[in-house]
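Colleague: Could you take a close look at the salt bridges here and walk me through them?

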Amino acid sequence: MSTRHFLLSRSVIFDVLRAIVSRPISTQTKHPLLALKNPTLYTKRDISRFYSTQTSTLVDTLDLNTNLKNNDANVQKKKLSKKEKYHYLTTKDAQGSKRSVKGFTLKNKKNHNLSVQDYNRFIFHAILENRLNKAINLLREMENKHLAPNIQTYTSIINEFSKQSDMDRASKWLKRMQRNGITADAHIYTTLIDGYMRQTDLDQAESIFRLMMSKNVKPTIVTYNILMHHSARQLNMESALKFWGNLLEAGLKSDVYTFAIILHGLGQEGRVDEAWRVFKTMQEEGVEVNEIVATTLMGMHVKQHDNEYAIQLFNKFFYPSTSQLKASHHTRNVLLNAIVGQANNETISKYYDLYKSNVADKSRKDALFVGANVYTYTTFMRAFLRRNNLPMVSQVYADMIAQHIQPSLVTYATLMLAHAYVPDPESCQRILTELRNNRLELNAVIYTITMRAWAKAGRWEKVKSVYDDMKNHGIKPTKLTMEVLRYGRSRSGEI
């Protein structure tokens with residue numbers, strides 16, 4: 001997903017907000033869009049699959065389903081025949097709410113002789129529809145018909161359990177595959193490494209990597225990118241750079257995702273000069289810039305409060321007359337962050353009114369906004385938060401819920417920051433508990449916000465309790481977590 005979103009008391013608010021949002025360095029009220037010269041934006045695949053807009057945390061960087069063997073790719077992409085029929089299915093989302101999805105069945109399926117490839121395709125689609133149990137039932141149906149599942153079949157199942165961080169069941173399916181005489185390949189090992197890294201179980205991830213090497217299975221570029229990605233997520237750029245070196249030593253060539261991960265990680269640590277040197281290396285190696293890299297560079301400067309330069313980068317990379325890159329939703333939100341980063345409360349409110357008009361009129365085109373989405377709502381919540389406009393933080397959140405938009409982890413973090421400022425540590429604790437009960441992937445950010453809220457309220461025993469809970473869940477404290485711990489202890493008079 002890993003980034004720093006913190007708030008404590010008036011005395012440390014500004015230091016904390018530097019780690020979550022872009023604080024303005026100018027009170028200039030000139031209309032920021034004048035610098036854009038009426039750009040025309042395009043939409044493409046939502047870049048949020050690469051990394052979260054608000055947290056700038058890499059997520060689902062490498063969808064391992066797209067890295068299955070080439071001979072299975074055609075099976076996955078094959079269109080449904082006339083005998084196959086789409087219809088709407090009822091399933092549940094991560095919160096247990098029912099929703100409809102576009103699914104498929106076969107007419108008179110029992111009368112058809114289905115091949116292993118057919119079943120692989122149906123399993124693949126079932127997983128896309130968030131119907132893992134259906135996928136498993138299809139696999140068992142294969143076995144009952146004496147059709148031997150192949151490595152692609154097992155890869156789909158193991159990959160999905162790994163993405164859910166359910167490594168117990170991922171391991172069970174691996175053993176089942178091996179009992180059936182199928183040897184794990186680089187894709188299987190990589191998806192297991194990804195799963196353990198999602199759990200922050202570094203020992204198991206390294207164990208799988210060593211096992212992979214001992215079996216003479218060569219890591220792929222995806223394997224190294226996964227290791228780099230999770231190292232950057234855990235704010236461990238030294239490990240990420242080490243894996244990059246290992247990648248090069250293995251004779252592999254860095255791809256655009258490799259560079260994007262390194263650029264993002266360096267940007268998160270404020271190592272802007274190093275990031276631009278890496279970008280120069282990328283150009284020298286002939287790796288073409290894509291919208292992910294361009295947006296990462298913009299976001300890096302927004303984080304450094306260099307909002308004007310971020311807007312210049314937008315013009316350079318996305319302005320139609322000079323570039324073929326097409327701005328994604330994430331690009332638009334980084335641009336919006338740059339614009340509202342130098343705006344006052346009144347100006348931010350005007351932009352928010354403009355956004356609400358855009359949401360109400362779906363036919364309306366705007367250079368900044370693309371309908372109701374969690375990223376834009378959260379951007380406005382953060383903008384109002386850094387202006388200490390707490391009522392508007394709550395109002396934007398309420399507007400988002402009214403649009404039936406599912407909040408992201410960063411949305412919750414922003415809401416928790418508003419409660420921490422009051423301070424209202426009970427609300428922070430309640431949100432933390434609900435997030436954990438819903439089995440969302442939490443990080444040190446959420447726990448540290450809660451610790452700060454209790455520290456501001458002078459409740460040292462609660463600060464220590466949240467810290468112990470974080471460690472018990474295997475989440476590594478950050479430098480700022482330890483600062484909060486020391487601050488809470490000092491306020492309690494223990495030191």
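Modeller: Sure, here is a tour of the charged pairs. This is a predicted model, where local features need pLDDT of at least 70, side-chain atom pairs count only at pLDDT 80 or more, and totals for chains, interfaces and linings use all residues. Residues are numbered from 1 along each chain as its sequence is written, and side-chain values use heavy atoms, with hydrogens and water left out.

Side chains of opposite charge can pair when their charged atoms come close. Searching the whole structure for salt bridges (a side-chain nitrogen of Lys or Arg within 4 Å of a carboxyl oxygen of Asp or Glu) turns up 14.

Let's start with Glu346 and Lys350, whose side chains meet in one of these at 3.8 Å, N to O. They sit four residues apart in helix α16 (residues 345–360), so about one helical turn separates them; helices here are DSSP runs of H or I, at least four residues, numbered from the N terminus. Both Glu346 and Lys350 are exposed (over 50% relative accessible area, with buried under 20% and partly exposed in between, using a 1.4 Å probe and protein chains only).

Helix α22 (residues 460–472) holds Asp468 and Lys464, again four residues apart, about one turn of the helix. Their closest N and O atoms are 3.0 Å apart. Asp468 is partly exposed at 25%, and Lys464 is partly exposed at 31%. Elsewhere, salt bridges with shared partners link Glu238, Glu269, Arg271 and Glu274 into one network.

Finally, Arg131 pairs with Glu129, with 3.5 Å between the closest N and O atoms. Glu129 is buried, at 8% relative accessible area, whereas Arg131 is partly exposed at 22%.

Terms used: Helix = DSSP H or I, 4+ residues; strand = E, 2+ residues; numbered from the N terminus.
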